[in-house]
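Me: I am new to this structure and would like a close look at a single part. Please take the open sheet and follow it, with careful explanations, into whatever it helps to build.

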Amino acid sequence: MKKMTRRQVLKSAGLAAGYLFAAPSILRTFAGSAKPGIEIERIQYVSNQPDIYYGWPTIARRKDGELLVSCSGGREQHVCPFGRVDLFRSQDQGKTWTWPQTLYDGPIDDRDSGLLVTSKGTILATTFTSIAYWEYGMNKEAERRAQGKGRWDDAKFERWMSVHRRISDDQRKKELGSWMIRSEDGGINWSARFRVPVNSPHGPIQGFDGRLIYFGIGLTDKQSPLGAAESLDDGKSWTVFSSIPTQQDFEGKYPFLNELHGIELEKGKFLVHIRNNNTGETVQTESSDNGKSWTKIHSIGVWGLPSHLMRLHDGRLLMSYGYRRDPYRNMIRISEDQGKSWSEAIFLSEGGPARDLGYPSTVQLDDRSLITVWYETRPEDKNASIRLAHWKLT
């Protein structure tokens with residue numbers, strides 16, 4: 001049987017929203033800026049429940065300095081029906097973290113969670129839903145059991161089935177989508193979930209003029225599934241305003257382009273990174289006219305994905321991304337010319353035990369040090385934890 005990527009698994013199960021192990025490719029030499037120097041102050045855990053699989057986190061920082069990390073929690077494994085949106089908090093620059101608060105737990109799997117604190121202090125959390133656990137887990141086990149060849153113990157099978165039976169097939173189909181919730185009181189109370197037109201792992205960003213911009217995948221135009229939505233009311237409603245052409249180079253390969261993250265370089269001028277599952281690269285496109293047109297999606301010489309973009313206090317750009325080749329780690333690169341070129345890569349995290357890791361995102365503190373979070377499987381079991389690096393550029 002041909003091995004499928006996590007992205008293919010999720011799409012064939014009913015949702016196009018992006019993921020897992022891309023095949024290796026040869027990384028071409030890229031002449032960017034000089035290799036940055038970094039000093040790592042500490043690496044530690046954020047999640048403290050070793051019996052739970054946590055994945056695909058995003059970090060954000062409130063005006064008072066409190067750090068927030070949202071992720072998919074409550075899980076048994078990479079694909080399962082138990083995913084929910086959990087939130088961790090830290091008020092001491094990430095040294096200690098609260099017990100997770102569950103923000104949303106729907107009737108099917110709630111996956112990658114993005115996070116944004118707007119200029120008004122509103123917290124936006126995103127997720128997407130999936131039923132991949134059925135097609136590539138429970139359904140196959142049910143078929144094996146019917147033939148007397150079951151591989152799971154009875155407790156696991158009944159546990160998964162008890163979740164699956166909560167709603168009907170028609171109801172499950174209606175549950176699929178990209179979702180957002182809002183909090184206007186610092187994350188104490190949250191709105192009901194509502195649909196948003198695009199999805200990406202780390203959620204929306206805020207532009208220079210205050211509007212919110214969400215680069216992602218999920219547009220209805222099959223010829224151009226990538227694009228962006230905007231919100232002019234602090235995240236209460238979203239309207240698609242830009243479509244990113246996938247061009248001839250990627251014909252027939254959708255949904256292999258997915259998991260976007262972007263940054264506004266100056267008013268109406270954007271840079272967007274995109275995951276290319278065909279090569280395992282992060283690729284890039286730019287717009288200088290508020291998304292009316294985009295440059296041809298092109299390589300930037302970066303093997304690894306997906307990318308999270310941010311602007312440092314000194315104006316330089318930082319990208320952080322997962323590296324799923326042995327040694328499995330997380331990487332960062334710097335751009336000193338607004339994304340025209342990127343520095344050599346530098347390892348940020350220690351070697352992980354397996355490829356199931358990554359999705360790093362980064363914030364900068366007032367002292368100009370940085371905190372990056374990611375998820376990573378533990379060597380002693382198949383569960384995954386949220387980890388953190390506190391570091392600085394030298």
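Reply: The open sheet consists of four strands in the order E2-E3-E4-E5, with antiparallel pairing; strands here are DSSP runs of E with at least two residues, helices are runs of H or I with at least four, and both are numbered from the N terminus. Two strands pair if DSSP finds at least two bridges between them. The edges of the sheet are strand E2 (53-61) and strand E5 (101-104), each of which pairs on one side only. On average, and with direction ignored, neighbouring strands of this sheet are turned by 30° against each other, where axes are lines fitted to C-alpha atoms, for helices over the stretch in contact, and angles run from 0 to 180 degrees between N-to-C directions.

The model is predicted, so that local features need pLDDT of at least 70 and side-chain atom pairs count only at pLDDT 80 or more, while totals for chains, interfaces and linings use all residues. Residues are numbered from 1 along each chain as its sequence is written, and side-chain values use heavy atoms, with hydrogens and water left out.

Within the sheet, strand E3 (residues 67-75) and strand E4 (residues 84-90) are joined by seven bridges in the antiparallel sense, and one of the bridge partners is Arg89 in E4, which is matched with Leu68.

The sheet also leads into the largest nonpolar core, which has 20 residues; such a core is a set of buried Ala, Val, Leu, Ile, Met, Phe, Trp, Tyr and Cys residues joined through side-chain atoms within 4.5 Å, and buried means under 20% relative accessible area, as against over 50% for exposed and in between for partly exposed (1.4 Å probe, protein chains only). Two or more residues of this core come from each of E2, E3, strand E23 (357-364), strand E24 (370-377) and strand E25 (384-393), and E2 gives the most, with four residues. The residues with the most contacts inside the core are Ile371, Val373 and Ile386.

Val373 shows how these parts meet, if contact is taken as heavy atoms within 4.5 Å. Leaving aside residues up to four places away in sequence, Val373 touches, among others, Pro57, Thr58 and Ile59, together with Val69, and also Tyr359, Pro360 and Ser361 as well as Ile386, Arg387 and Leu388. Read against the strand ranges, the edge strand E2 (53-61) and strand E3 (residues 67-75) thus appear beside E23, E24 and E25 among the elements that give two or more residues to this core.
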